[in-house]
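Could you open the structure in your viewer and keep the selection tool handy? We will take a walk through it together, one stop at a time.

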Amino acid sequence: MALIEVTDLYKSFGDVRAVDGVSFAVEEGTIFGFLGPNGAGKTTTIRILVTLSKQTSGSAFVAGVDVSSDPHGVRSRVGYAAQATGIDGDLTGYENVVLQGRLHGMSKREASEEAVRILEVISLSDVQERRAGTYSGGMARRLDLAQALIHRPSVLFLDEPTTGLDPQNRHAMWQYLKELNDGGMTIFLTTQYMEEADELADDLAIIDQGKIVVEGSPGELKRGVGGDSVTLTLRPGSGPDDVASVAGALESLVGADRVKTIDNAVVAHLVDGSSRIAEIVRAVDATGVPIGRLELAEPSLDQVFLKHTGSRLRVEEVKPASRLSRKRRRT
Ligand SMILES: Nc1ncnc2c1ncn2[C@@H]1O[C@H](COP(=O)(O)OP(=O)(O)OP(=O)(O)O)[C@@H](O)[C@H]1O
Ligand SMILES: [Mg+2]
């Protein structure tokens, strides 16, 4: 069953078409990745799905509920962690989570019990009595996640959950998200990181300039690039004739494409290359040219992005951690 169903969604800000005719569906129990560069329309889409913004046209259903006609129905079913952290630095971690539960209409006792449970799951119990303003970037992001989970939503929306985190904290967050998903939670996340989409998403859509350019599982998308790359490096001292005969041997293989020579190496793309090592070695061995090294690499999502948009999806890996917002206290 599709838990999120988006059809022909548009959102304009004046002349800017932030979301330009987007359609997709997210199956229950899966992790769906929305991958795209700055300004692609990720946040605009997610804000429509969690009913913080209204679409210009098109429809979106979340957990069977229409975001336009029943925003309250949607809000009770979704958890949302925004791109900028939404925690109050003056409150403790525990108080932040309880507050969120109360805002969702939970009783004091229910919110308190659930907060304790979630803070444990998300490894924040040790620091739950500390002011959230003293948390590290990784802890703050986890607290955002805890807040999004307090009312036991059936779908979790996360806008760039690991942007600004160091690799260790990013991997820890991935682990939490996988565990939540293993427990049955449907997760929609946006990211600018290809490794993140690759690691987490069952299905992903690549969005650029408000449009989905391609959609599928990471494996399907990578296979669509046209095979694994095979690099054969010849031993030092080999000549142009040797390189040419190795290139010829690779070209003769079924499904080989884009065979290129670079100095004393030959690079080719080969469908299912990683499961055809023996065949590659036999073909090259028959030429009698001694080989120094054989390397096989799967295509990356970067290549997928390049193929479909003509540009690279380059993101600085380390951005400053997002600062805690100092929201006015609500009591
Ligand atoms: N409130 C707004 N008013 C005017 N333009 C907006 C507004 N919100 C977003 N935009 C524009 O819409 C486009 C999409 O923005 P959006 O924030 O959805 O991108 P994004 O994919 O989330 O980018 P990032 O990775 O930087 O967060 C951008 O051109 C942005 O400038
Ligand atoms: Mg954004």
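Here is a tour that begins with the whole chain and then visits a few places one by one.

**The whole chain**

Before selecting anything, please keep in mind that this is a predicted model. Zoom out until the whole chain fits on the screen. Its C-alpha atoms fill a box of roughly 80 × 45 × 35 Å along the principal axes. Switch to a cartoon view, and you can look for eleven helices and 14 strands. The chain has 331 residues, and 47% of them are buried. Among contacts with a separation of 6 or more, 69% are between residues 24 or more positions apart.

**Stop 1: the aromatic rings**

Select Phe24, Phe32, Phe34, Phe157 and Phe188 and show their side chains: together they form one aromatic cluster. How many aromatic pairs does the structure hold? There are seven. We will look at two of them, beginning with Phe24 and Phe188, a stacked pair whose ring centres are 5.7 Å apart and whose planes are at 25°. Colour strand 2 (residues 16-27), where Phe24 sits, and strand 8 (residues 186-191), where Phe188 sits, to see how this pair links distant parts of the chain, 164 residues apart. The pair counts as stacked because planes under 30 degrees apart fall into that class.

Are these two rings buried or exposed? Phe24 is buried, with a relative accessible area of 5%, and Phe188 is buried too, at 0%.

Now keep Phe188 selected and add Phe34. These two rings make a tilted pair, with 5.3 Å between the centres and 50° between the planes. Phe34 belongs to strand 3 (residues 31-35) and Phe188 to strand 8, so this pair ties together parts 154 residues apart in sequence. Phe34 is buried, as is Phe188.

**Stop 2: a charge over a ring**

Next, select Arg170 and Tyr193. Turn the view until you look at the face of the Tyr193 ring: Arg170 lies over this face, 3.9 Å from the ring centre.

**Stop 3: two helices side by side**

Select helix 5 (residues 137-149) and helix 6 (residues 167-182), and hide the rest for a moment. Their axes come within 10 Å and cross at roughly 15°. Angles under 35 degrees count as roughly parallel, so helix 5 is roughly parallel to helix 6. The crossing of helix 5 past helix 6 is right-handed.

Which residues meet between these helices? On the helix 5 side, show Gly138, Arg141, Arg142, Leu145 and Leu149; on the helix 6 side, show Asn169, Met173, Tyr176, Leu177 and Leu180.

Stay with Leu149 in helix 5. Leu149 is buried, with a relative accessible area of 8%. Leaving aside residues up to four places away in sequence, Leu149 touches Ile118, Leu156, Leu180 and Met185. You can also draw a distance from Leu149 to Val97: the two are 52 residues apart along the chain, and their C-alpha atoms are separated by 8.9 Å.

**Stop 4: a loop residue**

Move on to Glu129, in the loop between helix 4 (108-121) and helix 5. Is Glu129 buried or exposed? Glu129 is exposed, because its relative accessible area is 56% and exposed means over 50%. Beyond residues up to four places away in sequence, Glu129 touches Thr92 and Tyr94. Add Gly93 to the selection: Gly93 and Glu129 are 36 residues apart in sequence, with 6.3 Å from C-alpha to C-alpha.

**Stop 5: a mostly covered helix**

Select helix 1 (residues 42-49), where six of the eight residues are buried. The buried ones are Lys42, Thr44, Thr45, Ile46, Ile48 and Leu49. Then step on to Thr51, which follows helix 1 and has a positive phi, near 65°.

**Stop 6: a strand residue and its neighbours**

For the last stop, select Ser229, in strand 11 (residues 228-234). Ser229 is at 18% relative accessibility, and because buried means under 20%, Ser229 counts as buried. Show Ala268, His269, Glu295, Leu296 and Ala297 as well: Ser229 touches these residues, not counting those up to four places away in sequence.

Conventions: Residues are numbered from 1 along each chain as its sequence is written. Chains are lettered from A and ligands numbered from 1 in the order in which they are written. This is a predicted model: local features need pLDDT of at least 70, side-chain atom pairs count only at pLDDT 80 or more; totals for chains, interfaces and linings use all residues. Side-chain values use heavy atoms; hydrogens and water are left out. Rings of Phe, Tyr and Trp (its six-membered ring) pair if their centres lie within 6.5 Å; planes under 30 degrees apart count as stacked, over 60 as edge-to-face and the rest as tilted. Helices (H or I, at least four residues) and strands (E, at least two) are DSSP runs, numbered from the N terminus. Buried means under 20% relative accessible area, exposed over 50%, partly exposed in between (1.4 Å probe, protein chains only). A charge sits over a ring if NZ of Lys or CZ of Arg is within 6 Å of the ring centre and within 35 degrees of the ring normal. Axes are lines fitted to C-alpha atoms, for helices over the stretch in contact, and angles run from 0 to 180 degrees between N-to-C directions. Angles under 35 degrees count as roughly parallel, over 145 as roughly antiparallel, 65 to 115 as roughly perpendicular and the rest as oblique. A crossing is left-handed if the near helix is turned anticlockwise from the far one by less than a right angle, and right-handed if clockwise. Contact means heavy atoms within 4.5 Å.
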